Amino acid sequence: MTTLPTTRATRPPLVRPPLSPPSLARAASTIVWRNLLHIRRMPEMLLDVTVQSVMFVLLFAYVFGGSIAVAGSDYREFLLPGIMVQTMVFSSAVVATGLTNDLQKGIVDRFRSLPIPRSAVLVGRSISSLIHSSIGVAVMGLTGLLIGWRIRNGVVDGVLAFLLLLLFGFAVIWLGIWVGSIMRTVEAVQGFMFTVMFPLTFVANTFAPTESMPTWLRFVAEWNPISAVTQACRELWGNGLPAPADAAWPLQHAVPVSVGWSLVLTAIFAPLAVSAFRRRSRD
Amino acid sequence: MGGTAAVEAIDLVKHFGTNRAVDGVSFVVPEGTVLGLLGPNGAGKTTLVRMLTTLSVPTSGAGRVAGFDVVTQPNEVRRSMGLTGQAATVDEILTGAENLRLVGALYGLPRAYVRDATERLLDRFDLTDAADRMAKTYSGGMRRRLDLAVSLLAAPPILFLDEPTTGLDPKSRSGLWAVLRELVDEGTTLLLTTQYLEEADQLADEIVVVDKGKVIAAGTPTQLKDEAGRASVVVTLTHARDLAAAADLVRAHSPEVHVDRTSRRVTARAGGLGDMTRIAAAFEASSIELDDLGLARPSLDDVFLHLTGHRAEDAEDAEDTDDVEAAEPGPITEGAAP
């Protein structure tokens, strides 16, 4: 204190409080708390995974469902796992818009000017996006139960399917972080994600069986990771028959392939996402 | 002031592609003093602050804050300083109090301290009534004050302020100036960037003028004004009929005299106070009646014009975003290329 020039210090000098920079877990959970407060203040943020998804369920179950033939199962049972996977995939859009918004508004800069672990911002974002999507999946599940969807293969497989959904959600979140770090505005992110997510979730076995698709499209659909995860959930929950004998290889081994896809996607997009985010937040 | 250095920039360089946003800037801010980084939009001020606050990695050169290196010891730097960015970076969805709580938790401050400090800071910045309202309902001035309150939560000894009063009305501006002076009185070191010459003149002990990524002048406000040109003695007469006599009288003391009939003014180039006293004595001895006699120094606006060849506002674009430097490469690269 003796080195402080005292010529101007007419007020009592500053007393610094003890700082104990938080661990990654504490910093990330603080950021999750903040993100969840956002959802509580603006419940409309959940529209994408709740009302919109319920509308999809009702639309397909009652409007299109009658004309989609599914072997060995009720269409509504067939539909529910597909919609849940779609909801989970949308969490990549949720994470991307949230991240871009924070970058644009300078919130990420504020966080980065504080003595917290560098990864806390991304970890916090990812966890809150998974919570966001899980709320959607829960709403889907309840809607499903109301219209006749059931988990028929017992608790263990039932829980396993939900864990698989979370794992896949975790994988696609990296895609969201990548897109969110590259794009400059929330509008651009939404436009891009919408354009990518829709064909990706529709050219699959999510809403209709792949058997009736033209050969080339069927090939694309059956190798789509979303199809494997959907098929895995259907098998674990006992919603419909196993994949037909002539279906592509991923659908014949849906559960391990889903896990594999999740790991591969994470391995591809996590490094891209982290380096894009770092580059974005270095300048 | 002979204190130790609180902030040091050592030949800092930042290139964005071909755009040399900051092109070799050095300065020192001694502990407990205020440095004003003055320059037009796109001069590289924000990029400099971002490098010194660990938000941006320098292309080359070094920065030290509280003795810690900004590249190799970012966490120590972050613990030693507070930052109020150009765009008020408060969370709009959280309330004022929650914004403070959020940052308090991220600093790892004790809860009781955060509670007390929140109350104290909200009171100091006149935000107590708005404490439980979402920040998006705040006015621009209130957001700025909340942003500053958040930056002060951990009582940092060094505070960076990037254009703290841009976009504020004159009343909010002078209110913020008063708060900043209080902080300096408490011993805080300030580094503030500004486009407003008046602001630098009002607050800073030292001014560093930057343009196109380079330092073009540095010194105290008075030194800079002296550099821009000599002072002049301005004599305002009571009666216009005395103008000729007054001009003759002044000519005995100054090589360059200008007479303005409509304002009844005689202006003379002067070396300083000495010349003024001599001229005043000469009038005292004469029978010429005066309204006013004084020494006029060039304003910082004149300084800027003198140093850069353009007025400070010329380079200013309508844009007021937080990454102005990165967003508009055109005017910055121009003329700054090797």
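**Entry 1: around helix α1 of chain B**

I began at Thr54(B), which takes a positive phi of about 70° just after α1(B). I note at the outset that this is a predicted model, and I read every value below as computed from that model. Going back into the helix itself, which spans residues 45-52 of chain B, I found that eight of its eight residues are buried, so α1(B) is largely enclosed by the rest of the structure. I listed the buried residues as Lys45(B), Thr46(B), Thr47(B), Leu48(B), Val49(B), Arg50(B), Met51(B) and Leu52(B).

**Entry 2: chain B as a whole**

I then stepped back to chain B, for which I counted 13 helices and 14 strands. Of its 338 residues, 49% are buried. When I took the contacts in chain B between residues at least 6 apart in sequence, I found that 69% of them join residues at least 24 apart. The chain is divided into domain 1, made of 5-90 together with 138-226, and domain 2, which covers 230-296. I looked up the centres of these two domains, taken over C-alpha atoms, and they are separated by 42 Å.

**Entry 3: strands of chain B**

Which strands of the four-stranded open sheet in chain B stand at its edges? I wrote down the order as β2-β1-β4-β5, with antiparallel pairing. The edges are β2 (19-30) and β5 (68-69), each with a single partner strand, so one side of each is left without a neighbour in the sheet. For β5(B) I followed the pairing further: two bridges join it to strand β4(B), residues 60-65, and the two run antiparallel. Within that pairing, I found Phe68(B) of β5(B) to be the bridge partner of Val65(B).

I also looked at strands β12(B), residues 257-260, and β13(B), residues 265-269, which run antiparallel and are joined by four bridges. They form a hairpin with four residues between them, and Arg264(B) in the turn has a positive phi of about 55°. Here the bridge partner of Val259(B) is Val266(B) in β13(B).

**Entry 4: chain A**

Turning to chain A, I found 12 helices and zero strands, and the C-alpha atoms of the chain fill a box of roughly 85 × 35 × 35 Å along the principal axes. Buried residues make up 45% of the 283 residues in chain A. Among its contacts between residues at least 6 apart in sequence, I noted that 81% join residues at least 24 apart.

I picked out helix α6(A), residues 120-147, which has 28 residues and reaches 41 Å from its first C-alpha to its last, close to the 40 Å expected at 1.5 Å a residue. The helix is followed by Gly148(A), whose phi is positive, near 110°.

Is Phe194(A), which I located in helix α8(A), residues 186-202, buried or exposed? I counted 11 other C-beta atoms within 10 Å of Phe194(A), and a residue counts as exposed with 12 or fewer, so Phe194(A) is exposed. Although Phe194(A) and Ala93(A) are 101 residues apart along the chain, their C-alpha atoms are separated by 7.9 Å.

**Entry 5: nonpolar cores**

I wanted some background before looking at the cores: in soluble globular proteins, nonpolar side chains tend to be buried together. The largest nonpolar core here has 97 residues, and those with the most contacts inside it are Cys233(A) and Ala149(B). Helix α7(A), residues 154-182, gives the most to this core, with 12 residues. A second, separate core has 45 residues, including Val29(B), Val77(B), Leu83(B) and Leu203(B). I went back to Ala149(B) and, leaving aside residues up to four places away in sequence, found that it touches Leu100(B), Leu121(B), Leu122(B), Phe125(B) and Leu127(B).

**Entry 6: where the chains meet**

How many residues of chain B are in contact with chain A? I found 42 residues of chain B in contact with 37 residues of chain A. On the side of chain B that touches chain A, helices α2 (74-80), α3 (96-107) and α6 (170-185) of chain B each supply at least two residues, and α3(B) gives the most, with six. Sorted by class, this side of chain B has 22 nonpolar, 11 polar and nine charged residues.

Definitions and conventions: Residues are numbered from 1 along each chain as its sequence is written. Chains are lettered from A and ligands numbered from 1 in the order in which they are written. This is a predicted model: local features need pLDDT of at least 70, side-chain atom pairs count only at pLDDT 80 or more; totals for chains, interfaces and linings use all residues. Two residues are in contact if their C-beta atoms, placed from the backbone, lie within 7 Å. Ala, Val, Leu, Ile, Met, Phe, Trp, Tyr, Cys and Pro count as nonpolar, Asp, Glu, Lys and Arg as charged, and the others, Gly among them, as polar. A nonpolar core is a set of buried Ala, Val, Leu, Ile, Met, Phe, Trp, Tyr and Cys residues joined through C-beta atoms within 7 Å. A residue is buried if 20 or more other C-beta atoms lie within 10 Å of its own, exposed if 12 or fewer, and partly exposed in between; C-beta atoms are placed from the backbone. Domain bounds come from an automatic or database domain assignment. The expected span of a helix is 1.5 Å times one less than its number of residues. Two strands pair if DSSP finds at least two bridges between them.
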